[in-house]
Each structure stands twice: as structure tokens, then as C-alpha cells.
Amino acid sequence: MAVVLATGAAATAFVVAAVLAEQRGGEAAAQDVTFLGEPVTAEEIALGQDLYAANCASCHGDNLEGQADWMRRLDNGRMPAPPHDETGHTWHHADRQLFIITRLGVGGVVPGYDSDMPAFKDVLTDEQIRAVFAFIKSTWPERQRTFQADVTANDEGDS
């Protein structure tokens with residue numbers, strides 16, 4: 001009986017330790033996420049997840065996976081919505097560029113470029129756009145977050 005109790009206690013302790021580690025990992029991930037060089041909060045990430053679901057997921061996918069065959073032009077000559085997970089190229093761009101594209105549409109960075117990406121300046125506040133990117137960036141592995149933070153740090157305002 002003592003062996004069974006000890007085994008059960010050890011299993012319970014393992015589960016509790018795993019849950020606590022996972023919770024701490026989520027907090028650490030929030031602390032590792034920045035936007036324009038400033039740390040974001042867990043609350044911003046949660047808000048961003050809701051805003052992403054309501055405003056972005058219809059094109060970029062519920063799981064940030066983008067549209068199928070996203071690197072091949074559509075019949076209308078436009079590009080499908082890319083993924084925002086680590087398989088896409090969002091993390092190759094500086095925060096400023098991502099913000100401008102979201103706020104003004106692709107034409108805000110590449111004047112005259114014809115895209116299905118709408119401008120969100122009349123839909124989302126600047127703080128809400130920041131929250132959406134806080135969420136997106138929180139899903140990236142450390143390698144992509146680090147690369148993208150370096151791109152942002154070296155961004156001198158050129159498109």
C-alpha cells in the first residue's frame with residue numbers, strides 16, 4: 001500500500017510540476033515578446049488573439065497558417081494571404097513595416113501594389129494593431145522572434 005501511495009504521490013508531483021512549468025513558460029514567452037522594441041504584456045497577447053480571430057483569421061487562417069499555395073499568384077494576379085506562423089515570412093519584416101501594412105494596407109509600404117490586404121486604420125486602433133502582433137509574435141519559436149527583433153532593431157525606416 002505504501003508503494004502505491006508513494007507512486008501516486010510522485011505522479012501527482014510530476015503533473016503539478018509540469019503544469020507550473022508550462023504556466024511559467026507562458027509568462028516567459030510574454031516577457032520575450034516585444035513590439036517596436038518595447039515588451040508586451042500577457043493581456044496584450046490575449047487581446048491580440050481575440051482581435052486576430054475577429055479580423056485576420058478569415059484570410060490568414062485560424063492557426064496563422066495562411067491561404068493554400070500562398071506563394072503562387074491567384075488568377076487575379078494578387079498574392080494569397082501568407083501565413084503568420086513560423087512557416088511564413090512575417091518574421092522577416094520589421095515591426096514598423098508590419099504595422100504600416102496592417103494600418104494602411106500593402107500600398108502603405110509599396111505604393112501602387114495591388115493587394116487584397118485591406119487597410120485597418122478605420123477598424124483597429126494603433127494599440128489593437130500592436131496587440132495583434134503581440135499575439136502573432138508570441139506564437140513564433142525563439143529563433144524567429146530573435147531574428148525578427150534584430151530586423152526591427154536595425155530598421156532605419158526604409159521600406
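A residue counts as partly exposed when its relative accessible area lies between the buried range, under 20%, and the exposed range, over 50%. With that in hand, here are some close-up views of this predicted model.

**View 1. C59 and C56, two cysteines without a disulfide between them.** C59 has a relative accessible area of 38%, so it falls in the partly exposed class. C56, in contrast, has 13% relative accessibility and is buried. A disulfide is a covalent bond between the sulfur atoms of two cysteines. For C56, the closest cysteine sulfur belongs to C59 and sits 8.7 Å away, which is too far for a bond. Pairing would call for sulfur atoms within 2.5 Å. Looking from the other side, the cysteine sulfur nearest to that of C59 is the one in C56, and C59 takes part in no disulfide. Across the whole structure, the disulfide count is zero.

**View 2. The largest pocket and its lining.** Welcome to a space of about 810 Å³. Its lining is made up of 35 residues, and those nearest the centre are H60, P82, I101, V106 and M117. Four elements, α2 (42–55), α3 (57–60), α4 (95–104) and α5 (126–138), each supply two or more lining residues. The top contributor is α4, which provides four. By residue class, the lining holds 22 nonpolar residues, twelve polar ones and one charged one.

**View 3. T102, a buried residue of helix α4.** Here we zoom in on a single residue. T102 belongs to α4, and its relative accessible area is 10%, so it counts as buried. Leaving aside residues up to four places away in sequence, T102 is in contact with M117, P118, A119, F120, I129 and F133. One of these contacts, M117, is also among the residues nearest the centre of the largest pocket.

**View 4. Helix α5 and what packs over it.** This helix has 13 residues, and at 1.5 Å a residue they should span 18 Å; the C-alpha atoms at its ends are indeed 18 Å apart, so expectation and model agree. Buried positions in α5 are I129, R130, A131, V132, F133, A134, F135, I136 and K137. An α-helix has 3.6 residues a turn, so residues three or four places apart point the same way. The cover over the buried residues of α5 includes the strands β1 (34–35) and β2 (38–39), along with the helices α2, α4 and α6 (142–153). Two of the buried residues, I129 and F133, are also contacts of T102.

Definitions and conventions. Residues are numbered from 1 along each chain as its sequence is written. This is a predicted model: local features need pLDDT of at least 70, side-chain atom pairs count only at pLDDT 80 or more; totals for chains, interfaces and linings use all residues. Side-chain values use heavy atoms; hydrogens and water are left out. On a 1 Å grid over the protein atoms alone, a cavity is a set of points where a 1.4 Å probe fits but cannot get out, and a pocket is an open set with protein on both sides within 12 Å along at least five of seven lines; lining residues have an atom within 4 Å of a point. Grid points are joined across faces, edges and corners, and a volume is the space filled by probe spheres set on the points. Ala, Val, Leu, Ile, Met, Phe, Trp, Tyr, Cys and Pro count as nonpolar, Asp, Glu, Lys and Arg as charged, and the others, Gly among them, as polar. Buried means under 20% relative accessible area, exposed over 50%, partly exposed in between (1.4 Å probe, protein chains only). The expected span of a helix is 1.5 Å times one less than its number of residues. Contact means heavy atoms within 4.5 Å.
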